[in-house]
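Me: Could you take a close look at the cavities in this model for me? I would like to know what surrounds them and how the neighbouring strands pair.

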Amino acid sequence: MRGVTISDSALELFTVGESATLSKTSIHRGTLMKNLFQGRVDAEGIVIVDSVLEDVLFGDIAHFNSGSFRGSKIKSVAFLGPVSFAHSKFKDVWFEDVTFGGPVSFDGTKFSGTTFANCVFKDAVDFGSADAKDTVFSKTRFEANIDYDPSSGMRDLWLKPFDVLRPATVGHKPKQISSGLEEMIKKSEAILQEQ
């Protein structure tokens, strides 16, 4: 489906057993529901506008590098393998009940008006030099380290400190929370106290 434009359509109940190439694909006012991607997904440069991705499972590596996501909802989606959104743009995107099972890269990504609600990051998250404006993580659990460049726009990330769930004890040994996440939580708590 490389370079295809999908508008005002629904792609439902399909399974892709091998790798899928969605590079340069555009989805406008579309719906992807109840889909399974068993193999690797290469969606570099994908554009998703005013669309819904719901009940989708990505079973292997997924690359959405340099993608553009606007006005869309990503709900009940699971990424079982590593996923990369490096150098992508998210504007007014809502992630809800999304599970990231492998490592996630948002390095160089620009977020604006993006919300992560009831999401779980089971492995390391690398924000690198990402920039976040009006972005909220609410009732979201980070189970491994979070890395980011302290000079990036991530330093102003809005974490609702009472909603961000810290890592739990796993196998009788507490997981280490990264100093980056602790720092972001402390800054958010200080902002709330000033208000």
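**Inside the cavities**

Reply: Happy to. The largest cavity has a volume of about 60 Å³, and please keep in mind that the model is predicted. Searching the whole structure for cavities of 30 Å³ or more gives 2 of them.

Let's start with the wall of the largest cavity. Its lining is made of Leu 22, Ile 27, Leu 32, Phe 37, Ile 46, Ile 48, Leu 53, Val 56, Phe 58 and Phe 64. Two elements each give two or more residues to this lining, namely strand 6 (31-37) and strand 9 (52-58). The largest share belongs to strand 9, with 3 residues. Sorted by class, the lining of the largest cavity holds 10 nonpolar residues, with no polar and no charged ones.

Now for the second largest cavity, which contains about 40 Å³ of space. Around it you will find Leu 53, Phe 58, Phe 64, Phe 69, Ile 74, Phe 79, Phe 85 and Phe 95. Here the class count is 8 nonpolar residues, again with no polar and no charged ones. If you compare the two walls, Leu 53, Phe 58 and Phe 64 appear in both linings.

Strand 9 is a good place to go next, since its pairings lead to several other strands. With strand 6 it runs parallel, and 6 bridges join the two. One of the residue pairs to look for is Asn 35 with its bridge partner in strand 9, Val 56; Val 56 is also among the residues lining the largest cavity.

Strand 9 pairs with strand 12 (residues 73-75) as well, in the parallel sense and over 3 bridges. There, Val 52 has Lys 73 of strand 12 as its bridge partner. A further parallel pairing, over 2 bridges, links strand 9 to strand 13 (residues 78-79). In that pairing Phe 58 is matched with Phe 79 of strand 13, and both Phe 58 and Phe 79 are found in the lining of the second largest cavity.

To set this part in its wider context, the protein chain has 1 helix and 29 strands. Of its 195 residues, 47% are buried. Among contacts between residues at least 6 apart in sequence, 14% join residues at least 24 apart. On the outside, the protein chain exposes about 9,400 Å², with carbon and sulfur atoms supplying 50% of that area.

Conventions
Residues numbered from 1 in each chain as written. Predicted model: local features only at pLDDT ≥ 70, side-chain atom pairs only at ≥ 80, totals over all residues. Heavy atoms only, no water. 1 Å grid on protein atoms, 1.4 Å probe; cavity = no way out; pocket = protein on both sides within 12 Å on 5 of 7 lines; lining within 4 Å. Points joined across faces, edges and corners; volume = space filled by probe spheres on them. Helix = DSSP H or I, 4+ residues; strand = E, 2+ residues; numbered from the N terminus. Nonpolar A, V, L, I, M, F, W, Y, C, P; charged D, E, K, R; others polar. Pairing = 2+ DSSP bridges. Buried < 20%, exposed > 50% of the residue type's maximum accessible area, 1.4 Å probe, protein only. Contact = heavy atoms within 4.5 Å. Areas by Shrake-Rupley, 256 points an atom, 1.4 Å probe, with all protein chains shown as cover.
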